[in-house]
Amino acid sequence: MLRTNSKWCVIQSVAGGIAHPRIPLKNPYLVDQGGGVHILPGVGGITYNVAVGDSAFSFAGDHVEPGVSMTLDERERDGANLGALCILACVGNEARVVSGAALHARGIVTGKHGGVEHIIVDFAPAVLEKLAIGDRIQIKAIGQGLRLEDFPDVQVMSLDPGLLRRMGIVSRHNQLIVPVTHVIPASIMGSGTGSRHSFSGDFDIQVADRDLVRKYGIESLRLGDVVAIRDADCRFGRSIKSGAITIGIVVHASCVVSGHGPGVTVIMTTSKKLVVPKIEREANIARYLGIGRFRGPASRGRRRKK
């Protein structure tokens, strides 16, 4: 069992409202790397038929966020308030609806999307039907400041301690063995690379090069997959460093625009050879938490039959 400082981590409320989908009215076109032109559903709103556990590539959309997308509206959006929501909310945190017809319904944070500054939350399908754009959601934020006591050179971020315990990570020979579905080179990471910090938002796996997509098996990525990014050092921003490794969660679906693709929120990073990825097809937060396509108590901590 991993020793952490979780009992000393602060639990604090952050809140926002369900965001409206966004498409520019005067120029709604998206241009892909080959010059193709698209008009597609994108970020925001309540997405009824895309859930954690689904393919990151199957849907006809661009940067689609599964479930519910929340943020602050323009009246609330000073930098400090928005920063607190986007930084303090962590993957695996409990969310609760505090207004509207779905009052008191509970969900789980599944990701953070930079640029639009959205927090992505999974709710049961019956709850989605009751929610409305603008409904308020409050998150019981815990995770920033979480430390691995025996691995001080591994930076943990944006991860609920309860989810960490479910991920099957073990310590062996002074290294952490982390189940992941894919190992991806930092050289193909695109939008979001170079950001000043990694405690909010995400960065994208570029998918324009179909040969590289096939080489690394990226076409099989699902929303919620835990992935390793080789040679990515995200301790003080997102950069490339030989020998470093970053662990992240796929939080939004793929995109058609150059430099973009499935988005990854960082949950663990180190510049040293302390983290060893172990390929496991089932390394997905939907399975760990019993949400999304693997909803229900039967999926918690159990393997799905093939």
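What follows is a walk through one predicted model, from the whole chain down to a few residues.

Starting with the overall picture, the chain holds five helices and 18 strands. The radius of gyration comes out at 18 Å, and a compact globule of 306 residues would sit near 19 Å, so the two agree. Taken along the principal axes, the C-alpha atoms fit a box of roughly 55 × 45 × 45 Å. Of the 306 residues, 53% are buried. As for contacts, take those with a sequence separation of 6 or more: 69% of them come from residues 24 or more positions apart.

Helix α1, spanning residues 79–88, is a handy place to zoom in. Its buried residues are Leu82, Leu85 and Cys86. Viewed down the axis of α1, these buried residues stay within an arc of 90°, which means they line one face of the helix. That fits the usual geometry: an α-helix has 3.6 residues a turn, so residues three or four places apart point the same way. The cover over the buried residues of α1 includes several strands, namely β1 (12–18), β5 (67–71), β7 (106–113), β8 (118–122) and β9.

Moving on along the chain, Ala89 sits in the loop between α1 and β6. Ala89 has a relative accessible area of 0%, so it counts as buried. Leaving out neighbours within four places in sequence, Ala89 makes contact with Val14, Ala84, Lys112, Ile119, Ile139 and Ala141. Gly194 lies 105 residues away from Ala89 along the chain, and their C-alpha atoms are 22 Å apart.

Next comes β6 (94–97). In a regular strand the side chains alternate between the two faces of the sheet. Strand β6 shows the alternation: Ala95 and Val97 point to one face and are buried, whereas Glu94 and Arg96 point to the other and are not. This strand has antiparallel pairings with both β7 and β9. With β7 there are three bridges, and Glu94 has Ile108 as its bridge partner there. With β9 there are four bridges, and here Val97 is partnered by Ile137.

The loop between β9 (136–141) and β10 (155–156) is home to Gln144. The relative accessibility of Gln144 is 17%, and since the cut-off for buried is under 20%, this residue counts as buried. Its polar side chain is not left without company: the side chain of Gln144 reaches the backbone oxygen of Ile87 at 2.7 Å, and that of Phe199 at 3.4 Å. Setting aside residues up to four places away in sequence, Gln144 touches Ile87, Leu88, Cys90, Lys112, Met157, Ser158 and Phe199. Lys112 thus turns up in the contact lists of both Gln144 and Ala89.

Finally, there is an open sheet of three strands, in the order β11-β12-β18, with mixed pairing. Its edge strands are β11 (170–172) and β18 (275–279), each of which pairs on one side only. On average, neighbouring strands of this sheet are turned by 35° against each other, direction ignored. Strand β12, made up of residues 175–180, runs parallel to β18, with five bridges between them. Within this pairing, Ile177 stands opposite Val276 of β18.

How values were computed
Residues numbered from 1 in each chain as written. Predicted model: local features only at pLDDT ≥ 70, side-chain atom pairs only at ≥ 80, totals over all residues. Heavy atoms only, no water. Pairing = 2+ DSSP bridges. Helix = DSSP H or I, 4+ residues; strand = E, 2+ residues; numbered from the N terminus. Axes fitted to C-alpha atoms, helices over the stretch in contact; angles between N-to-C directions. Buried < 20%, exposed > 50% of the residue type's maximum accessible area, 1.4 Å probe, protein only. Polar contact = N/O pair within 3.5 Å; in protein donor to acceptor, adjacent residues only side chain to side chain. Contact = heavy atoms within 4.5 Å. Arc of directions from axis to C-beta. Rg over C-alpha atoms; globule rule 2.2 N^0.38 Å.
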